[in-house]
Amino acid sequence: MRSTHKIKSSLAKVGAAPESLPEITTDAQASGTSLAKVSSAESSPGSHALEDKGTATWSLTAWVSEVQAFEARAVRAQAWETQAFEAQSRASHPKATPVTEAEAAPVLKQRLLPEKVQVPEKEKSEVLITHPFWSNKAEYLLAQMGYTMRPASLWSFCYLWLHSGGGIFFIIYIFLLFLIGIPLLFLEMAAGQRMRQGNIGVWKVISPWIGGVGYTSFMVCFINGLFLNVITAWILFYLSQSFQYPVPWEKCPLLENASGFDPECARTTPTLYFWYRMTLKASDSIEDDGPPVFSLCLPLFLSVCLLGVFMLNGLKWTGKVMCVLVSSSGLIMLCFVVRSIMLEGAVFGLHYMTIVKISAIYNVNVWRGAGNQVLCSLGLGFGSIISIASHIQSSSSCLNDAVIVALANLISMMLVTPFIFSVLGFWATQLTHRCNEKNTETLLNLVNMGILPPEAQPPQNLIGNPTSIFTSWFNSLSNPIKKEVLSHVPECNLEEQFLKIKESTNFAFLAFVEAMSFIPGSVFWSFLFFLMLLNLEMSTMIGIMDSIITSLQDIFISVQKYTKLFTVVVLMIMFLCGLFFTRPSGSYYIRLLTDYWTILPIIIIIIFENLAVKWAREASSFFADMANLWGHPMYSIIRWLWSYLIPVVLLALSVTTVFQLSLKNITYLAWDSSTSKEIVRQYPSWGLFTLFALLLIVILPIPIYFVYCFTHGIPFNATSWDKPVISSKSLPLSFQLTPIKEVENEEILQGDIEIADQPVV
């Protein structure tokens with residue numbers, strides 16, 4: 001909106017004093033009478049004096065065109081005000097008047113708009129775009145918490161605790177959480193609240209030259225959403241099977257003629273057999289191709305439908321769904337914590353939780369793992385935090401919100417850690433018991449056949465504590481008999497069994513499934529376990545889907561009028577693309593992405609997000625804008641962290657991660673159907689090429705966008721950042737006024753969102 005200063009400068013160009021035309025000094029915020037004054041200025045005597053001045057640089061025609069342009073902008077400002085007033089009236093007082101909306105609209109126009117001013121229908125649809133809000137602050141915080149509580153991050157935290165120094169890892173994690181985690185979480189929350197846009201639009205506004213990071217974040221979020229949907233399908237498949245008694249992964253299936261158990265299952269455990277052969281129908285290697293597994297296609301479609309049910313009814317419904325999902329997950333988790341500490345072997349597992357290795361503090365890999373865990377556990381870089389925050393009113397508590405979400409995430413991990421260690425201790429104890437029972441049966445047969453001497457006969461009654469009874473008997477044998485016994489049966493060691501825990505999320509899934517089958521009432525606890533996993537995965541997927549939908553709406557403005565239809569289309573596209581991971585080799589591709597790919601683009605995205613604020617706008621400018629918006633200054637410590645320390649930490653984290661991955665063998669666990677065992681295989685060369693090609697593709701928008709802005713002369717700093725943003729308090733929680741059409745001749749990028757001069761309301 002042009003102010004009186006632009007009018008005065010126009011008069012100065014023609015050599016006229018501003019005082020000669022007092023009518024034109026009307027401000028843009030004036031009412032309809034102001035427009036009349038501006039119109040009368042065209043025919044005022046002062047205007048004819050312009051022709052007599054030799055110093056005039058503009059003709060009368062040009063000057064009149066300038067005034068007419070000013071009048072047009074003022075009319076459009078009034079139109080914006082009228083549309084905002086109508087939206088507020090309809091939302092706030094839907095039943096306050098007996099007249100219909102069709103009858104009320106002309107009354108408003110007659111009262112607020114100048115005579116003969118009409119706003120085209122096309123412009124109305126482009127000017128007034130509704131942006132939904134969370135119903136209250138609690139729903140917003142629960143949505144952020146639910147998004148960050150992903151099962152893979154919870155398991156990764158416990159694995160790193162066990163293998164990276166125990167309590168020392170926890171201390172390093174808390175240190176990095178406050179050093180880089182909370183400031184970066186605050187950055188994304190503040191950017192989302194301030195800009196009221198999705199991930200793509202936010203970074204274009206903050207710094208157009210670094211706007212490509214939004215596209216990179218969108219692609220990473222979309223790819224992760226594809227295989228997370230498939231993981232949800234696995235959970236739904238197990239959940240549907242947990243209603244049987246006994247659960248199908250507790251015992252091997254019988255042959256068709258009921259003559260015995262399936263020989264492939266007899267060579268392994270029922271849990272592994274059910275996972276690889278019944279659920280995944282896994283191939284022997286990633287190179288063995290095949291069509292999508294039909295038994296997983298239906299759960300995948302059901303997971304997509306659940307997302308649609310949770311999201312299609314609007315943000316207020318989604319907020320209530322998130323409240324149920326997050327609260328129920330926490331309640332079930334508490335039940336498991338109480339039940340797990342009462343299991344046999346829980347004390348043995350909790351013992352490993354209390355181990356502290358001081359030497360780990362000097363290990364670079366421990367710091368690297370803790371740093372990556374901070375970024376992944378908070379869900380930074382995917383754009384979901386930004387999109388969730390864009391639906392909340394700007395307030396002075398944004399930093400407090402970041403601290404609350406980070407601490408809630410930390411508490412959830414601290415709550416789930418004793419549960420996981422207790423269950424794994426119980427799992428290792430039960431497997432050791434079964435190993436000793438199997439050894440006892442084998443030794444008895446060997447003694448009866450005369451292969452072993454009578455001294456090697458074990459005790460037949462192992463009721464109570466098989467491991468303790470068998471170990472006491474074995475230690476009482478002489479050394480020659482011990483060697484002869486161990487030549488026929490393996491040694492069952494509880495500690496070795498516990499330390500077989502692997503980093504793979506598949507292992508955690510299988511270990512917990514097997515442990516649930518050992519607990520009395522396995523059907524109930526299995527159902528409860530998969531229900532908790534389903535709630536956690538759906539909470540994460542809702543955040544990811546919100547980021548995907550909001551980002552696409554930044555690119556395709558017209559689809560905002562058809563949000564439900566557009567959401568259905570996106571969900572169907574994700575279902576079709578997700579079928580790739582339901583093939584027999586699909587789980588191997590998921591392992592490739594989760595173990596060796598995702599962390600690299602996430603670190604790169606976070607680095608450029610920090611640069612967008614630090615170098616494009618300067619952290620001080622960002623804080624000054626936040627201080628003006630919230631009414632109080634920000635803490636200088638966070639400014640110092642953003643400006644100096646966090647960029648260095650992120651750079652060191654990226655270098656150490658790349659170095660570690662370069663030294664690591666790119667392998668995966670595959671199912672060998674001939675031996676019914678898991679074997680380690682090397683990823684083929686084309687798999688590594690795919691890995692690097694995919695990394696290059698998702699990062700490519702950053703340099704391409706940078707070159708585009710440079711060649712087209714687009715300013716490094718966004719000109720629209722300092723323009724006023726209409727406060728969310730001007731409209732009810734269901735609406736926000738977002739002007740899209742640009743009035744001035746300023747182009748940000750072709751095909752992108754253009755920020756218009758906004759009227760003062």
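## Terms and overall picture

A polar contact here is a pair of N or O atoms within 3.5 Å; within protein, one of the two has to be able to donate a hydrogen and the other to accept it. That's handy to have in mind for the binding-site residues further down. One more thing up front: this is a predicted model.

The protein chain has 761 residues, and buried ones make up 55% of them. DSSP-wise, there are 31 helices and 2 strands in the chain. If you look at contacts with a sequence separation of 6 or more, 81% of them come from residues 24 or more positions apart. The accessible surface comes to about 33300 Å², and carbon and sulfur atoms own 63% of that.

## Two disulfides

A disulfide is a covalent bond between the sulfur atoms of two cysteines. Searching the whole structure turns up 2 disulfides. Number the bonded cysteines in sequence order and the pairing reads 1-2, 3-4.

## The C252–C265 link

C252 and C265 have their sulfur atoms 2.0 Å apart. The pair ties together distant parts of the chain: C252 sits in the loop between α11 (212-241) and α12 (263-266), while C265 belongs to helix α12, 13 residues apart. The torsion about the S-S bond is about -80°, so this disulfide is left-handed.

How accessible are the two ends, buried or exposed? C252 is buried, at a relative accessible area of 15%, because the cut-off for buried is under 20%. C265 also counts as buried, with 0% relative accessibility.

## The C435–C492 link

In the other pair, C435 and C492, the sulfur atoms are 1.8 Å apart. This one also connects distant parts of the chain: C435 is in helix α19 (residues 398-448) and C492 is in the loop between α21 (479-486) and α22 (494-498), with their positions 57 residues apart. The S-S torsion is -70°, and the link is left-handed.

As for accessibility, C435 is partly exposed at 23%, since partly exposed runs from the 20% limit for buried up to the 50% limit for exposed. C492 counts as buried at 15% relative accessibility.

Two further cysteines are worth a glance. C158 is buried at 3% relative accessibility, and C221 is buried too, with a relative accessible area of 1%.

## The annotated binding site

Which residues carry the "binding site" feature in UniProt? The unreviewed entry places it at G146, S377, N409 and L536. These positions span 391 residues in sequence, yet no two of their C-alpha atoms are more than 12.9 Å apart, so they gather at one spot.

## S377 and N409 up close

S377 lies in helix α17 (residues 364-377) and is buried, at 0% relative accessibility. Leaving out residues up to four places away in sequence, S377 touches T148, S153, Y173, N409 and M413. With Y173 there is a polar contact between the two side chains, at 2.9 Å.

N409 is found in helix α19, the helix that also holds C435 of the disulfide with C492. N409 is buried, with a relative accessible area of 2%. Its neighbours, again not counting residues up to four places away in sequence, are T148, M149, Y173, S377 and L378.

What does the side chain of N409 reach? It gets to the backbone oxygen of S377, at 3.3 Å. That puts the pair inside the 3.5 Å cut-off for a polar contact.

Note on methods
Residues numbered from 1 in each chain as written. Predicted model: local features only at pLDDT ≥ 70, side-chain atom pairs only at ≥ 80, totals over all residues. Heavy atoms only, no water. Disulfide = S-S within 2.5 Å. Helix = DSSP H or I, 4+ residues; strand = E, 2+ residues; numbered from the N terminus. Buried < 20%, exposed > 50% of the residue type's maximum accessible area, 1.4 Å probe, protein only. Contact = heavy atoms within 4.5 Å. Areas by Shrake-Rupley, 256 points an atom, 1.4 Å probe, with all protein chains shown as cover. UniProt positions renumbered as here; feature names shortened; annotations may be inferred.
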